[in-house]
Amino acid sequence: MNENPLKQRQSLTDRPAWKALSAHYTAIRNLHLRQLFAEDPHRGERLCAEAAGIYLNYAKNRITDETLRLLIQLADECELRQRIEAMFGGETINVTEKRAVLHTALRAPQGERIMVDGTDVVPEVHAVLNRMAAFAERVRDGRWKGFTGLPIRNIVNIGIGGSDLGPVMAYEALRHYSRRDLTVRFVSNIDGTDFAETTLDLDPAETLFIICSKTFTTLETLTNAHSARAWCIAKLGDEAAVARHFVAVSTNAEGVSRFGIDTANMFGFWDWVGGRYSMDSAIGLSTMLAIGPEGFREMLAGFHQMDVHFRRAPFSENLPVLMGLLTIWNTNFLEAPTVAVLPYDQYLNRFPAYLQQLTMESNGKGVTLDGKRIGYQTAPVYWGEPGTNGQHSFYQLIHQGTRLVPCDFIGFCQSLNPQGQHHDLLMANLFAQSEALAFGKPLEDVKTEGTPDWLAPHRVFEGNRPSNTLLVERLTPETLGMLVALYEHSVFTQGAIWDINPFDQWGVELGKVLAQRTTPELQSVEDPALTHDSSTNALIRRYRQLKTGRS
Ligand code: F6P
């Protein structure tokens, strides 16, 4: 780790395409979407792309054909194509951790060859998938018995970050396809409430814990896993019960066996799978238990279709590349600090939370690959809620606030729960919101409606607020896979342009170290000598006072 393996590169802002984009932005910054649409009646049909059943309409972005041309030139100058090939080819592109980045291998079909350090990893991937499938079938059909001989009815996934958010999101998204006689729950927070409330009504004799941790060292997960172990043993009265009620998913066999889980009940993966890119690995065991091995394989096939598209399609038709470049445009030129992700589907209620880790842990970086401080913005803040709920909450700010909030609308043409006119009403709202954001309502129109002058400014919608709309026929395991892969590769595209490493996460370390130092200070019987800053010292003292009731 001592030698810097990174070669110096040209700074992003010195690249000809970046400079051209800056000048171009100055030239078109006052253009309104109303004008852009009025001048080109076919804009809405032209500025779209489609792949693997996902239709992206990006016409409501504040761009012209020249913007797109320059963004694609920028991608070329940043060697995006070569970087994509380096990732798919198993090169060590996670340079700060000296690792390949091969989540795409997790969904590679049997027979494909992907080499890491001279070994084809595809057979290993399928071997684990087959073991997971055999296990999932045994649990699902009741052959896997709990300690008292009862079949498993409850699955509790214990993990955090990538070992939680992907599984939760996928379970929620694919609940329609899940076995309704299995209860699937997730514990992530070190707050004891999470474990207590999740297990409150569960019978341990019918409960299986999946301890998911890539490293098997994560404080939250190990603390929850130990509590689960104690809960299980206390209620079933025998340590031997652990073998029937715990399985692990990890890259750390030693850690798993130290915890007391037989490695025969462990499902492995590899250091070339980043936590936030791991929902297709054994980390997805809860998903497979819920929807079955066949459904899981359909999901992987969806991911793979988007992988192939990303690798092969020209940039001008490439969905992840286009979405990534539009984020660069909105972030760095329009200076929008956030992106709202607005799925018009209740099943996608955890999708924004999942995307937060994917996008912000990946691209929330402040130095370039060669370690130079960055002089431009990187990852915007991602956030969101399903529509239409968000409309009655924060859309006011998006429509009339002082900040520009680019939006990703996501909708499905067929409902999984058709009920009267619900679905048409839902989708009408999605289309209406993107239309209102883009075109707004000018003062003249407000006045023409008879609004008094004093009230008119309050009722004006400026419009010119950018959005993408993604339309998919139906939410299925396959289309979910495509959608997630689309965002994964959009994140990759952004990282390549910003010249950062989207695959490390050094920024999470400092807080972990400080918490380790602080824990004994909260627990010691004697008043500890505190050497933090005066604010942290004051907080610790107040906590100790109130915790022991000495106030
Ligand atoms: O703290 C951040 C992080 O390292 C994430 O990147 C990761 O997804 C999460 O913790 C959980 O890590 P593990 O799977 O090793 O428990």
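This report describes the ligand site and several local features of a predicted model.

## Ligand site

The ligand occupies the largest pocket. Around the ligand there are 14 residues, and those that come nearest are Gly-162, Ser-163, Ser-213, Thr-215 and Thr-218. Sorted by class, this shell holds nine polar residues, three charged residues and two nonpolar residues.

Oxygen atoms of the ligand take part in short polar pairs with the protein, among them one with a side chain and others with the backbone. For Ser-213, a polar atom of the side chain is 2.6 Å from a ligand oxygen. For Gly-162, the partner is a polar backbone atom, at 2.7 Å from an oxygen of the ligand. Lys-214 also uses its backbone: an N or O atom there lies 2.7 Å from a ligand oxygen. The ligand on its own exposes 400 Å², of which the protein buries 87%.

## Gln-357 and Gly-162

Gly-162 has a further polar partner within the protein. Its backbone nitrogen is 3.1 Å from a polar side-chain atom of Gln-357. Gly-162 is thus named in two pairs: one between its backbone and an oxygen atom of the ligand, and one between its backbone nitrogen and the side chain of Gln-357.

Gln-357 belongs to helix H14, which covers residues 351-363. Its relative accessibility is 12%, so Gln-357 counts as buried; the cut-off for this class is under 20%.

## Phe-216

Phe-216 sits in the loop that runs from strand E7 (207-212) to helix H9 (219-236). Phe-216 is not a glycine, yet its phi is positive, near 55°. With a relative accessibility of 4%, this residue is classed as buried.

## Asn-464

A positive phi is also found at Asn-464, again a residue other than glycine, with a value near 60°. The loop that holds Asn-464 lies between helix H18 (456-459) and strand E13 (467-472). Asn-464 is buried because its relative accessibility is 9%.

## Cis peptide bond

The peptide bond between Gly-387 and Thr-388 is cis, with omega at about 10°. Thr-388 is placed in the loop between strand E11 (381-383) and helix H15 (395-400).

## Glu-97 and Gln-505

Glu-97 is found in the loop between helix H5 (80-88) and strand E3 (115-116). The side chain of Glu-97 makes a polar contact of 3.3 Å with the side chain of Gln-505.

The relative accessibility of Glu-97 is 18%, so this charged residue is assigned to the buried class. That assignment rests on the cut-off of under 20% relative accessible area.

## Ala-17 and Leu-71

Ala-17 is part of helix H1, residues 16-28. Its relative accessible area is 0%, and Ala-17 is therefore buried.

Ala-17 and Leu-71 are 54 residues apart along the chain, while their C-alpha atoms are separated by 7.3 Å.

Terms used:
Residues numbered from 1 in each chain as written. Predicted model: local features only at pLDDT ≥ 70, side-chain atom pairs only at ≥ 80, totals over all residues. Heavy atoms only, no water. Near = heavy atom within 4 Å. Polar contact = N/O pair within 3.5 Å; in protein donor to acceptor, adjacent residues only side chain to side chain. Areas by Shrake-Rupley, 256 points an atom, 1.4 Å probe, with all protein chains shown as cover. 1 Å grid on protein atoms, 1.4 Å probe; cavity = no way out; pocket = protein on both sides within 12 Å on 5 of 7 lines; lining within 4 Å. Sits in = over half its atoms within 2 Å of the grid points. Helix = DSSP H or I, 4+ residues; strand = E, 2+ residues; numbered from the N terminus. Buried < 20%, exposed > 50% of the residue type's maximum accessible area, 1.4 Å probe, protein only.
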